[in-house]
Amino acid sequence: MERITLWGWIDFEGKDAAVIVRGATHLIAPTYTEKGCVHYVWTADPVQTHRVWVFEEWERVEDLQAHLDGALYRDMAGYLADAGMTGAEVNKYRVDLKQPVYDGSGLPQAAFT
């Protein structure tokens with residue numbers, strides 16, 4: 001099965017990203033109940049305190065599209081604008097192969113087998 005991941009950042013110049021993430025939990029938590037949502041993680045960068053990192057994983061393109069067309073996405077976009085978002089870069093990736101980093105003996109491996 002091909003999965004879709006989204007990775008990226010959102011900046012809020014002069015704002016505390018941790019406060020912004022905590023303020024969005026009412027929008028983040030219910031997204032996990034949307035069809036096809038595997039992960040929907042927002043976290044504040046511990047070094048660049050104005051930056052929020054976003055990681056999402058969806059089972060199918062159609063599931064991601066339904067999310068992007070839905071009320072939670074629209075409400076989050078409004079929340080981020082109201083919170084003073086100053087920049088963002090979020091990219092989507094098709095994942096055709098997924099393997100653990102650690103092999104059966106516990107050693108990390110970069111190569112795919």
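**Exercise 1. Place Met76 and decide whether Met76 is buried or exposed.**

Solution. Start with the element: Met76 lies in helix 4. Helices (H or I, at least four residues) and strands (E, at least two) are DSSP runs, numbered from the N terminus. The model is predicted: local features need pLDDT of at least 70, side-chain atom pairs count only at pLDDT 80 or more, and totals for chains, interfaces and linings use all residues. Residues are numbered from 1 along each chain as its sequence is written, and side-chain values use heavy atoms, without hydrogens and water.

Next, take the relative accessible area of Met76, 3%. Buried means under 20%, exposed over 50%, partly exposed in between (1.4 Å probe, protein chains only). Met76 is therefore buried.

Then list its contacts (heavy atoms within 4.5 Å). Leaving aside neighbours within four places in sequence, Met76 touches Ala24, Leu27, Ile28, Tyr40 and Trp42.

**Exercise 2. Work out the order of the strands in the open sheet.**

Solution. The sheet has 4 strands, in the order 2-3-1-4, with antiparallel pairing. Strand 2 (37-44) and strand 4 (87-95) are the edges, each pairing on one side only. Two strands pair if DSSP finds at least two bridges between them.

Now take one pair. Strand 1 (residues 3-11) joins strand 4 over 9 bridges, in the antiparallel sense. Within strand 4, Glu89 is the bridge partner of Trp9.

Last, add the helix. Helix 3 (residues 61-68) packs on the sheet and touches strand 1, strand 2 and strand 3 (51-58). Its direction makes about 135° with that of strand 3. Axes are lines fitted to C-alpha atoms, for helices over the stretch in contact; angles run from 0 to 180 degrees between N-to-C directions.

**Exercise 3. Find which element gives the largest share of the lining of the largest pocket.**

Solution. A pocket is an open set of points on a 1 Å grid over the protein atoms alone, where a 1.4 Å probe fits, with protein on both sides within 12 Å along at least five of seven lines; lining residues have an atom within 4 Å of a point.

The largest pocket is lined by 15 residues. Nearest its centre lie Ile10, Trp42, Tyr73, Leu80 and Val90. Elements giving two or more residues include strand 1, helix 3 and helix 4 (71-82). Helix 4 gives the largest share, 4 residues.

**Exercise 4. Locate His50 and say whether His50 is buried or exposed.**

Solution. His50 sits in the loop between strand 2 and strand 3. Its relative accessible area is 19%, so His50 is buried. Beyond neighbours within four places in sequence, its contacts include Ile10, Phe12 and Ala17.
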